[in-house]
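Colleague: Before accepting a description of a protein model, a student should ask how each term was earned. May we go through the terms one by one?

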Amino acid sequence: MKSMEAEDQTEKISISAESPRGGDVGELGIGLLSSAKSRPGTWRQKCAAYVLALRPWSFSASLTPVALGSALAYRSHGSLDPGLLVGSAVAVLAVHGAGNLVNTYYDFSKGIDHKKSDDRTLVDQILEPQDVVWFGVFLYTLGCICAACLYCLSTLKLEHLALIYFGGLSSSFLYTGGVGFKYVALGDLVILITFGPLAVMFAHAVQVGYLSVSPLLYAVPLALSTEAILHSNNTRDMESDQQAGIVTLAILIGPTFSYMLYNTLLFLPYLIFCILATRYTISMALPLLTIPMAFSLERQFRSQSFSKIPQRTAKLNLLLGLFYVFGIILAPAGTLPKL
């Protein structure tokens, strides 16, 4: 009896010693992904690997523009279709997630991702390249299905919806695929346009049924905040990007000007909100509540402590966007320009 108990204890110790504990769990759930790598047959771990490969922490860059465009439509027309809101959010999220997978695939194939990268989905063989490709195809297909449903539910003309949607889809792919704007210092421009004016206009047009210039103007503060996420990521990766032979805006302008640009992207939206609050309605001062987070990020960037700074900037982007949306919804009718 004691012999059997001793064998059981030995087996438990052996199993415990062989079980993976994961590495840097705080960095985008890499520890969970490591577990998925060791036992890929478990469907829960496989699903977790797929979800984390999407980099869900970055989804604020697509959700807040949709919320902003919908809020602008509500403020100008006094009504909001929840079905169109959900459809727009799913379509934009699908394109965003697929774009992240395209980025993962091409960064790996070009040898840019390595063991110290945030995204080690393919480096650590958590997923196979063909898994990433097929998942990306699925998400692009899902986005197109959502766009077709939006056409059926909305009064927006087909050519206008297709122009905006496929413009965003093409940008998400060409960021690293095909032309590869990211690798020739044009990635910042693509992100600035796609996850700002384009996404806001898309959500607004689907709700109201026509294209308008005003959403482009209101998208500027959010677009600058979204670009800050990418710029902080590129500044952190300057050394590895240079070694891989690619060129980003951060590499072109150097560390000092990168710091200055980050501060501009971080604080210029607050200046815009101050102008809107003082000239039109006090509700536009709500985003100013996030200023302490912005100063904390500035100090971290200045000290060149880039660990998790893209994730923290994305969190600021989410809160800033939500307060911006609430400010527009709470604004008295007729107080905001062009609405």
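The conversation below sets values against definitions.

Modeller: Please bear in mind that this is a predicted model.

Colleague: Why is helix H10 called roughly antiparallel to helix H14?

Modeller: The axes of H10 (residues 220-236) and H14 (residues 309-330) cross at roughly 175°. Angles over 145 degrees count as roughly antiparallel, and therefore H10 is given that description relative to H14. The two axes also come within 9 Å.

Colleague: Which residues make the contact between H10 and H14?

Modeller: On H10 they include Leu222, Ile229 and Arg236, and on H14 they include Ile309, Leu320 and Tyr324. By class, this contact has nine nonpolar, seven polar and one charged residues.

Colleague: How many salt bridges does a search of the whole structure find?

Modeller: The search finds three.

Colleague: What makes aspartate 107 and lysine 182 a salt bridge?

Modeller: The closest N and O atoms of aspartate 107 and lysine 182 are 2.7 Å apart. The definition asks for a side-chain nitrogen of Lys or Arg within 4 Å of a carboxyl oxygen of Asp or Glu, so the pair qualifies. Aspartate 107 and lysine 182 are both buried.

Colleague: Why is this pair said to tie together parts that are 75 residues apart in sequence?

Modeller: Aspartate 107 lies in helix H5 (residues 82-109), whereas lysine 182 lies in the loop between helix H7 (158-174) and helix H8 (187-208), so the bridge links those parts.

Colleague: Where do glutamate 298 and arginine 302 lie?

Modeller: Both lie in helix H13 (residues 291-302), four residues apart, which is about one turn of the helix. They form a salt bridge whose closest N and O atoms are 2.8 Å apart.

Colleague: Why is glutamate 298 counted as buried?

Modeller: Its relative accessibility is 10%. Buried means under 20%, so glutamate 298 meets the condition.

Colleague: Is arginine 236, which forms a salt bridge with aspartate 237, buried or partly exposed?

Modeller: Arginine 236 has a relative accessible area of 22%. Partly exposed covers values between 20% and 50%, so arginine 236 is partly exposed. In its salt bridge with aspartate 237, the closest N and O atoms are 3.0 Å apart.

Colleague: How do you know that phenylalanine 138 is partly exposed?

Modeller: Phenylalanine 138, in helix H6 (residues 129-153), has 48% relative accessibility. Exposed requires over 50%, so phenylalanine 138 counts as partly exposed.

Note on methods: Residues numbered from 1 in each chain as written. Predicted model: local features only at pLDDT ≥ 70, side-chain atom pairs only at ≥ 80, totals over all residues. Heavy atoms only, no water. Axes fitted to C-alpha atoms, helices over the stretch in contact; angles between N-to-C directions. Helix = DSSP H or I, 4+ residues; strand = E, 2+ residues; numbered from the N terminus. Parallel < 35°, antiparallel > 145°, perpendicular 65-115°, else oblique. Contact = heavy atoms within 4.5 Å. Nonpolar A, V, L, I, M, F, W, Y, C, P; charged D, E, K, R; others polar. Buried < 20%, exposed > 50% of the residue type's maximum accessible area, 1.4 Å probe, protein only.
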